[in-house]
Amino acid sequence: MKIIYNRLIPVGKRYYAINLFGVLFARGPCNRTIITHEKIHTAQMKELGYLFFYLAYVVEWLIRVIQYRGLHKGYLNISFEKEAYCNQSDSGYPVRRRHYSFVSYY
């Protein structure tokens with residue numbers, strides 16, 4: 001995974017890193033947990049196709065924002081994020097992960 005360190009992306013103080021089309025943009029050094037989290041997102045993107053992944057991500061986020069009445073709470077309850085957060089401490093997970101595993105986190 002290519003990592004680009006910069007201060008512009010991701011936008012906002014709350015986020016340290018963002019994965020855009022399989023490239024990780026980060027504010028500074030990334031530990032194993034962050035890299036594993038983002039590798040899970042890369043696998044999700046490859047399964048769905050990059051554009052469909054982002055479309056599904058945004059649609060689900062909007063639904064979760066309404067459901068949980070908050071931007072950040074909505075973000076934390078997106079199935080893609082739930083899978084990544086639940087498995088980010090297991091560096092071997094991206095390798096043995098089954099396709100479309102995020103579906104079980106709806």
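What pattern does the protein follow, read along the sequence? Going along the chain, you get β-β-β-α-α-α-α-α, which adds up to five helices and three strands. Here helices (H or I, at least four residues) and strands (E, at least two) are DSSP runs, numbered from the N terminus. The radius of gyration is 13 Å, close to the 13 Å from the globule rule for 106 residues, so the protein is as compact as a globular protein of that length. That radius is taken over C-alpha atoms, and the rule is 2.2 Å times the number of residues to the power 0.38.

Keep in mind that this is a predicted model, where local features need pLDDT of at least 70 and side-chain atom pairs count only at pLDDT 80 or more, while totals for chains, interfaces and linings use all residues. Residues are numbered from 1 along each chain as its sequence is written, and side-chain values use heavy atoms, with hydrogens and water left out.

Now for the inside. Buried residues (under 20% relative accessible area, 1.4 Å probe, protein chains only) make up 40% of the 106 residues. The largest nonpolar core has eight residues: M45, F53, A56, Y57, Y75, I78, F80 and F102. Helix α2 (residues 50-68) gives the most to this core, with three residues. Such a core is a set of buried Ala, Val, Leu, Ile, Met, Phe, Trp, Tyr and Cys residues joined through side-chain atoms within 4.5 Å.

As for contacts (heavy atoms within 4.5 Å), among those with a separation of 6 or more, 40% come from residues 24 or more positions apart.

Definitions and conventions
Buried means under 20% relative accessible area, exposed over 50%, partly exposed in between (1.4 Å probe, protein chains only).
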